[in-house]
Amino acid sequence: MSDDETVVVSARRMLTADVCEFELRRADGALFEPAEPGAHITVHTPSGEARSYSLTADVSDRSRRVIAVRRDENGRGGSRSMVDEVHDGDTLVISPARNAFELVEAPSYLLVAAGIGITPIRAMLIELLRRGVTDVRLVYLSRSRDETPYLEEMEEMEEIAELIEPTAAGAERSITLHHRTLHGALDWWPLLETPGERHLYVCGPEPLQNELRALTMHWRPSRVHMEDFAGVSAFGEISLPFEVDWQPTGARIPVTSDQTMLAALEGAGIDVDSSCGSGTCGTCRLRLVEGEADHRDVVLTESERVHFVMPCVSRALSDRLVVAPSAVAPQ
Amino acid sequence: MHGTIDSLYRYPVKGLTPEPLDRVALEAGRAFPADRLFALAKPTGAYDAENFVPLSKREYFVLLNTDRLAGLAARYDPENRTMRVTVQGHPVLEADFGTAEGRAEFVELYARVADLPDGVRPVLAEQPGYNFTDNANDGPRMMNTISLINRASIRDLEQRIGRELDPLRFRANVYLEGLEPWAERQWIGRELRLGGSGGSGGVTVRVVEETERCAATEVDPTTARRDVPVVRLLHENYGHEIMGVFAEVLSGGELAVGDTVSVGDEEAA
């Protein structure tokens, strides 16, 4: 990609037996674009595979990008080639930072990291402590002390955190290191029972994400954050945001990637009759006045698709669609 | 053709989780007891408690629009009017529906689940003599039907699509076993005899309509994730979007899990 930049490995160190941290600086000596905690970069690894890694240090330091890579013995070779073949002074090609795991402003945070999942969570913790947020709790899971990237740093922060006087009732700054072989399974419920104003950030393997998602069903979903494949629908289709104009009023309504056009219209107070919600019954049919639709229904014929669209499942190929009630005859 | 009753369920709040029953007493001309007694109506929508008219399911928080509803287990005790809600077995609410406070706590919880803006809550809808089935929009006769699913038809769909489907995606009252796949598609207008073999009397029902499915079935009842496009797969595999039937109770009695089911001769509806 044209936005990619060439970087030099300015330092590398093994954090555990199989996790290696790389510090990258731009080959031309310039600063990187600003990045947010939670962001990741894509690295073109020596194996030829492109791999995404979260930024893990203080992201406000624009002179470097820091990532940590766990060598996956059974993977397709991307991480292995990074740990085994990339040395100080080598050059790599990386993408600009992109963020699919945004850290929002909140009065209280619960951060959960497991193993190499500490990488974006560490960047978040550093940012939150710099902002002076007083109510932050980190739970960091790993198999054993030896398999804990940034163990010593986290232990130091654990001690510092305990010395800080909480500013509000119930507020706390704490870091809990939980090693499964030492401490067994963690009882999550006391941490999750009362959501309050807290935001939860989780980075870890899928079973952990599924467990915590199931245990936070009484939370506001907007306060539970897990890095996932945003924009890919449950059925494997890519869904990008777009805009829809409601022709009768001229209202312009954004449709987010995790929302249907029908839900966006309803959310804007536009009454569209609907029934099946799956593109089969034909009830919610709208007239397509302008724009190119991504038809995902199974009711409209090819010729109907020129003039109509089913907002319960269909989306846009153009940036914007203009729609109107279908009762009005097409011109 | 003979089958058996595999399981019995009621859904005291429209859109919320099922409650399994070992047995149930049905009355002639009446719906499944304590089924869809309540609904969570959208606060700025068409629901008007004082001047109630049947409304589209879009006016309520249901699985069609709020998949996370499946992630909290809601249990209602009609005797004491208490609602218990648990998350993975952990209690998160015990509310007395007999008090305004209890009802307020309940809608507060579901305001969070549906992620409504601060201060906005669903309306706990309840209307005497009314149940909030989708069928209720088609008049009192259809409102007072019970829903049945042939599990063999679900298995046939599972085989065609190569995925397992929890039968509870289809949210029926009565699940039947031991029948041919899609046998129920020949039942419209016919009578079924449910139970009665053990001297409990049993129930006679007449099948009146097939069940057109909606996107609520896309949500896995265990993970609360929208993961399989069930309606679309029905359409692609069979050319219809039907799973299950509705039946009206002709003569009341008791039904229990394990009871036999027999299908009467074909007759005019």
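**Domains, contacts and helix packing in a predicted model**

Modeller: Chain A is divided into domain 1 (5-99), domain 2 (108-226) and domain 3 (242-325). This is a predicted model, in which local features need pLDDT of at least 70, side-chain atom pairs count only at pLDDT 80 or more, and totals for chains, interfaces and linings use all residues. Residues are numbered from 1 along each chain as its sequence is written, while chains are lettered from A and ligands numbered from 1 in the order in which they are written.

Biologist: What makes these stretches of chain A domains?

Modeller: The bounds come from an automatic or database domain assignment. The C-alpha centres of domain 1 and domain 2 of chain A lie 24 Å apart.

Biologist: How many residues does each of these two domains of chain A bring to the contact?

Modeller: Domain 1 of chain A gives 15 residues and domain 2 of chain A gives 13. Two residues are in contact if their C-beta atoms, placed from the backbone, lie within 7 Å. Strand β5 (residues 65-70) of chain A supplies the largest share of the domain 1 side, three residues. Strands (E, at least two residues) and helices (H or I, at least four) are DSSP runs, numbered from the N terminus.

Biologist: Which classes of residue make up that side of domain 1 of chain A?

Modeller: It has nine nonpolar, four polar and two charged residues. Ala, Val, Leu, Ile, Met, Phe, Trp, Tyr, Cys and Pro count as nonpolar, Asp, Glu, Lys and Arg as charged, and the others, Gly among them, as polar.

Biologist: How many residues join chain A to chain B?

Modeller: In this contact, 21 residues of chain A meet 26 residues of chain B. The chain A side has 11 nonpolar, eight polar and two charged residues.

Biologist: How is chain B divided?

Modeller: Chain B has domain 1 (2-31 + 135-263) and domain 2 (39-132). Between them, 19 residues of domain 1 of chain B are in contact with 21 residues of domain 2 of chain B.

Biologist: Why are α3(B) and α4(B) called roughly perpendicular?

Modeller: Helix α3 (residues 151-161) and helix α4 (residues 230-238) of chain B pack at about 85 degrees, with their axes 11 Å apart. Angles of 65 to 115 degrees count as roughly perpendicular, under 35 as roughly parallel, over 145 as roughly antiparallel and the rest as oblique. Therefore α3(B) is roughly perpendicular to α4(B). The axes are lines fitted to C-alpha atoms over the stretch in contact, and angles run from 0 to 180 degrees between N-to-C directions.

Biologist: Which residues meet there?

Modeller: L157(B), R160(B) and I161(B) in α3(B) meet L233(B), L234(B) and N237(B) in α4(B).
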